[in-house]
Amino acid sequence: MSINNMKDLEKFIQGRLSLALKFTQQEIYKVIQENIKNYYEEKVFYDRTSGGMSVIPNVYNRTYQFLNSLIKTDVIIRNGKVSCSVMIDTNSLDYLQDGDIVVDMINRGYHADKSLNDGFYETPRNIYAKSKFWDDSLEQLGGYDGILQIFKKNCKRVGLNITN
């Protein structure tokens, strides 16, 4: 690429920043999705046939909506700023409660909460998760400072060395 003026330089840097952000987004997505998967693999349900614990609930059929709800937005350049998101698509969640409430409940450590079932199915007790998908993901990523370090690493990867 030939850089002949400030506009060309800005376009070049924005392109590199977009790529670094896309790499960072993918790393964040991977960590969160792994924690969501771990949530589904927890043996927290009593198995009446074996007397042990299972990943399959007895009182309702899992739809796996939450497992498939994590999304990545496109990288957008607007007014000289480059941005994207990794988030739960709460609109895709069709549970008995609002998607935001469900996601918060899951992150607080519930697999089932008898107070939120509106009598549709009989959850005999609250069933707690061992993990909290969002909090655990943020901790694995090193918090917001850790995410910034991942972004800086990816900037260097695409040829933009950020020193501070």
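1. Let's start with how H1 and H3 cross: the crossing is right-handed. This is a predicted model, so please read every value here as computed from it. H1 covers residues 6-40 and H3 covers residues 133-141. Their axes come within 9 Å and cross at roughly 140°. The two helices are therefore oblique to each other; an angle over 145 degrees would have counted as roughly antiparallel.

2. Which residues of H1 and H3 meet? On the H1 side you will find Glu27, Ile28, Val31, Ile32, Asn35 and Ile36. Facing them in H3 are Phe133, Trp134, Asp136, Ser137, Gln140 and Leu141. Sorted by class, this contact of H1 with H3 holds seven nonpolar, three polar and two charged residues.

3. H1 also packs against H4, the helix at residues 143-157. The axes of H1 and H4 come within 8 Å, with a crossing angle of roughly 135°. That angle makes H1 oblique to H4. The crossing of H1 and H4 is right-handed, as is the crossing of H1 and H3.

4. If you would like to trace the contact of H1 with H4 on screen, begin in H1 with Leu17, Ala20, Leu21, Phe23, Thr24, Glu27 and Ile28. Their partners in H4 are Ile147, Ile150, Phe151, Lys153, Asn154, Cys155 and Arg157. By class, nine of the residues in this contact are nonpolar, two are polar and three are charged. Glu27 and Ile28 are worth a second look, since they appear in the contact with H4 and also in the contact with H3.

5. H3 and H4 complete the set of helix pairs in this note. At what angle do H3 and H4 pack? The angle is about 50°, and the axes are 7 Å apart. H3 and H4 are therefore oblique to each other. Here H3 passes H4 in a left-handed crossing. Leu138, Glu139 and Leu141 of H3 meet Gly143, Tyr144, Gly146, Ile147 and Ile150 of H4. Five nonpolar, two polar and one charged residues make up this contact of H3 with H4.

6. Next, have a look at the second largest pocket, which has a volume of about 320 Å³. It is lined by 16 residues, and the closest to its centre are Leu21, Ile28, Cys84, Val86 and Ile147. Two or more lining residues come from each of H1, strand S5 (81-83), H3 and H4. Which element gives the most to this lining? H1 does, with five residues. The lining residues divide into eleven nonpolar, five polar and no charged.

7. The pocket also ties back to the helix contacts above. Leu21, Ile28 and Ile147 are among the residues closest to the centre of the second largest pocket. Those three residues also take part in the contact of H1 with H4. Ile147 appears in the contact of H3 with H4 too.

8. Finally, a stop away from the helices: where is Asp47 found? Asp47 sits in the loop between strand S1 (45-46) and strand S2 (53-54). Leaving aside residues up to four places away in sequence, Asp47 touches Gly52, Met53, Ser54 and Asn58. Asp47 and Asn58 are eleven residues apart in sequence, and their C-alpha atoms are 7.4 Å apart in space.

Note on methods. Residues are numbered from 1 along each chain as its sequence is written. This is a predicted model: local features need pLDDT of at least 70, side-chain atom pairs count only at pLDDT 80 or more; totals for chains, interfaces and linings use all residues. Side-chain values use heavy atoms; hydrogens and water are left out. Axes are lines fitted to C-alpha atoms, for helices over the stretch in contact, and angles run from 0 to 180 degrees between N-to-C directions. Helices (H or I, at least four residues) and strands (E, at least two) are DSSP runs, numbered from the N terminus. Angles under 35 degrees count as roughly parallel, over 145 as roughly antiparallel, 65 to 115 as roughly perpendicular and the rest as oblique. A crossing is left-handed if the near helix is turned anticlockwise from the far one by less than a right angle, and right-handed if clockwise. Contact means heavy atoms within 4.5 Å. Ala, Val, Leu, Ile, Met, Phe, Trp, Tyr, Cys and Pro count as nonpolar, Asp, Glu, Lys and Arg as charged, and the others, Gly among them, as polar. On a 1 Å grid over the protein atoms alone, a cavity is a set of points where a 1.4 Å probe fits but cannot get out, and a pocket is an open set with protein on both sides within 12 Å along at least five of seven lines; lining residues have an atom within 4 Å of a point. Grid points are joined across faces, edges and corners, and a volume is the space filled by probe spheres set on the points.
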